[in-house]
2 protein chains.
Amino acid sequence: MAPSVDPFSDFYCVIPAGGIGSRLWPLSRADAPKFLHDLTGSGQTLLRDTWDRLVPLSGADRVMVVTGRAHRAAVEEQLPDLGDSNVVLESEPKDSTAAIGLAAAILVRREPGVIVGSFAADHVIRDGRAFRRSVSEGVAAARAGYIATIGITPTEPAMGFGYIQCGDAIAIAGAPHAVGVAAFVEKPDLASAERYVGDGNHLWNGGMFIARADVLLKQIGESDPDLLAGLNELADAWDTPRRGAVVDHVWPNLTKIAIDYTVAEPAAAAGLLVVIPGDFDWDDVGDFASIAKLHSGGRKSDLAILGENARVLADASTGVVISQSGRLISLIGVSDIVVVDTPDALLVTTTANAQRVKAVVDALKLSGRTDVL
Amino acid sequence: MAPSVDPFSDFYCVIPAGGIGSRLWPLSRADAPKFLHDLTGSGQTLLRDTWDRLVPLSGADRVMVVTGRAHRAAVEEQLPDLGDSNVVLESEPKDSTAAIGLAAAILVRREPGVIVGSFAADHVIRDGRAFRRSVSEGVAAARAGYIATIGITPTEPAMGFGYIQCGDAIAIAGAPHAVGVAAFVEKPDLASAERYVGDGNHLWNGGMFIARADVLLKQIGESDPDLLAGLNELADAWDTPRRGAVVDHVWPNLTKIAIDYTVAEPAAAAGLLVVIPGDFDWDDVGDFASIAKLHSGGRKSDLAILGENARVLADASTGVVISQSGRLISLIGVSDIVVVDTPDALLVTTTANAQRVKAVVDALKLSGRTDVL
């Protein structure tokens, strides 16, 4: 019998905590992004839920958070065990390739051979054990030189998620469920989504990536050599007194691009990407319909109420109410309603219109009303 | 040719300004009743609109307002030309018989033979000329000893109003359109309302009464001798130093009853009541659906926005928004919605549910949450 090895011994978690969550306005704001809210009723923020899910895998001293300077205090308050050297502050948002790539470049210098796993700060996963099993397979695949992602077995024809079309099985020690990736599919229409759920060959794209840091960086370099050069310049200076000067010089010029385009799609095309099917609950809590669903357990007859000290008086109403103002909120005869009540802005819409909230945010930006964004 | 006589020479207007307007919560409150709001977009309160409609009939020195002590300052601010002797303050609400009856009892002592007309402080009538014509006929009928009411020719099968079933024509000099009253009908169902509009024999009950003060008081006395005795005791003391003591003693024991039951129905049964059909617009602005209708001109595609400094961003939404909080209000894809946004309470419902708002107020009362009432 072979000696048992900790499957996560060379594993490091990275939490990019950057997105505001525009579809959750006016709850999510530039100064109160989605990951700093409790959207599940767990009693703690999504960021803290994420931390609690990852620490059992890598240990608290092996979780790195990449976030904006403005959120440093809030992040440190949420994660008191987060070490100073595990906080990477962005001077301005540069999307996920820069965030995850910089973390990988810093970590590989500290620990050659390190495997990094990137997990969004604002997704919901409740089944920590099943999650751990999938990540474990992803780490095994990464150790074998692959870039691994985790796809979630879809439970309904969701139109708000991207999908991964599975390819052939790939034999990897420790990753018995790994398969190749035939294609990434953007948010589909309902007919396509129903087909994807039915054919058993599509998974939700959870946006999780696990790879050896050097493999990840090589892939970024093949997609965008300048971006990789910038990340390397930053990482070389990161743990030195030159960090501030180099950040000021390099950061503004980093390409702003999602890791889907620099890593996931090209790696899939090159046969370097594998997907581990995950049989756990997952939600990116992308809009208020998602929040309503999370809280109602799928029952259409429910009214979900979020917010400390919420005072809601509802009659014959369903949907979701998020109360942040302390005011009394009264609903009468409104179905699938979304009411988000904050001190300076109020949103009233329906779950069916939840995806359109971003358009309001865009309109507010255009009209210069950034005081409420 | 007979000498022309001012048809309103012996006429005195009474404005009972008492009702809170529970169906307009949380806009209308105990400390901000319906008559103190601008619900028409005229730029002034309903009370002021009422004053402006009545002064051309009776003169500013012949309009009496009966209101609660708590509203004295607000009423006087709205009506700077209202004389001190024309303000009757109720120590507690005792419904319309006490309010109108006391005004009549006070006025008949000052001016025997006076004709009083009672007009709600919070109804909307825009066609002042047609209104004046109808009141003029009502005054003529009152002078002939009748109690007159004004019924409004219905323009739609409204279920929120009471109806008057007309009887036979009654010959009265100066009141060529006067007819008897066959019956009062409470708020009907839709089928009945449609029949009433179609048969040409029903009018909306506008709750306006015109009668010689002595005739009105006699009718009250026949319905409730104790109530009349109380009103007379109050009126005897009103213009004397004893007013305060008598109010303290008598007021708490006055019967709380609507004038419909003490005057209108028994007078109709006795053949003493006539109705003048009024061909003017009229609305009691009884609920938020009524406000939406007043502002949309009947167009279902409109979103009515009320409130100074309202900041509303609406996409594919219809109904009515009333903004009193100064917050940004965003609506997306909500139809026939009612949003009432005040600093301490928010209401979200639909125009179809507008009549149910009162139930919320009742529930709040029962649960002791009177801070928002």
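**View 1. Val348(B) beside the rotation axis.** In this predicted model, Val348(B) comes closer to the rotation axis than any other residue of chain B, with its C-alpha at 4.1 Å. A turn of 179° with a shift of 0.0 Å along the axis lays chain B on chain A, and the RMSD is 0.1 Å. The two copies are therefore related as by a two-fold rotation axis. Both copies use the same surface, and 97% of the contact residues of chain B recur in chain A. Across from Val348(B), which sits in E15(B), stands Leu331(A).

**View 2. The side of chain B that touches chain A.** Here 30 residues of chain B are in contact with 29 residues of chain A. Which elements of chain B each supply at least two residues of this side? They are strands E11 (311-315), E13 (328-332), E14 (337-341) and E15 (345-350), along with helix H11 (357-366). E15(B) gives the largest share, six residues. By class, this side of chain B holds 19 nonpolar, five polar and six charged residues. For the model as a whole, the scores to keep in mind while you look are ipTM 0.87 and pTM 0.88.

**View 3. Strand pairing between the chains.** Strand E13 of chain A (residues 328-332) and E15(B) run parallel and are joined by four bridges. Look for Leu331(A) opposite Val348(B) to find your place in this pair.

**View 4. A sheet built from both chains.** Follow the order E10(A)-E12(A)-E14(A)-E15(A)-E13(B)-E11(B) to trace an open sheet of six strands with mixed pairing. Why is one side of E10 (303-306) of chain A and of E11 of chain B left without a neighbour in the sheet? These two strands stand at the edges and each has a single partner strand, so one side of each stays unpaired in the sheet. From one strand to the next, the twist averages 10°.

**View 5. The E10(A) end of the sheet and helix H10 of chain A.** E10(A) runs parallel to strand E12 (residues 319-323) of chain A, and four bridges join them. Within this pair, Ile305(A) has Val321(A) of E12(A) as its bridge partner. Helix H10 (residues 288-296) of chain A packs on the sheet, where H10 touches E10, E12 and strand E14 (337-341) of chain A. The direction of this helix makes about 100° with that of E12(A).

**View 6. Helix H11 of chain A across strands of both chains.** Helix H11 (residues 357-366) of chain A lies across strand E15 (345-350) of chain A together with E11 and E13 of chain B. Relative to E11(B), this helix runs at about 135°.

**View 7. Two domains in chain A.** Chain A is divided into domain 1 (11-278) and domain 2 (288-372), and their C-alpha centres lie 29 Å apart. Where they meet, 11 residues of domain 1 are in contact with 18 residues of domain 2. The domain 1 side of this meeting has six nonpolar, four polar and one charged residues. Chain A has a mean pLDDT of 94, and 97% of its residues reach 70 or more.

**View 8. Antiparallel neighbours E6, E7 and E9 in chain B.** Strand E6 (residues 163-169) of chain B is joined to strand E7 (residues 179-185) of chain B by five bridges, and the two run antiparallel. Ala169(B) has Val179(B) in E7(B) as its bridge partner. E7(B) is also joined by two bridges to strand E9 (residues 273-278) of chain B, again antiparallel. There, Val179(B) has Val275(B) in E9(B) as its bridge partner.

Notes
Residues numbered from 1 in each chain as written. Chains lettered and ligands numbered in written order. Predicted model: local features only at pLDDT ≥ 70, side-chain atom pairs only at ≥ 80, totals over all residues. pLDDT = per-residue confidence, 0-100. Contact = placed C-beta atoms within 7 Å. Nonpolar A, V, L, I, M, F, W, Y, C, P; charged D, E, K, R; others polar. Pairing = 2+ DSSP bridges. Domains from an automatic or database assignment. Axes fitted to C-alpha atoms, helices over the stretch in contact; angles between N-to-C directions. Least-squares fit on C-alpha atoms with pLDDT ≥ 70 in both.
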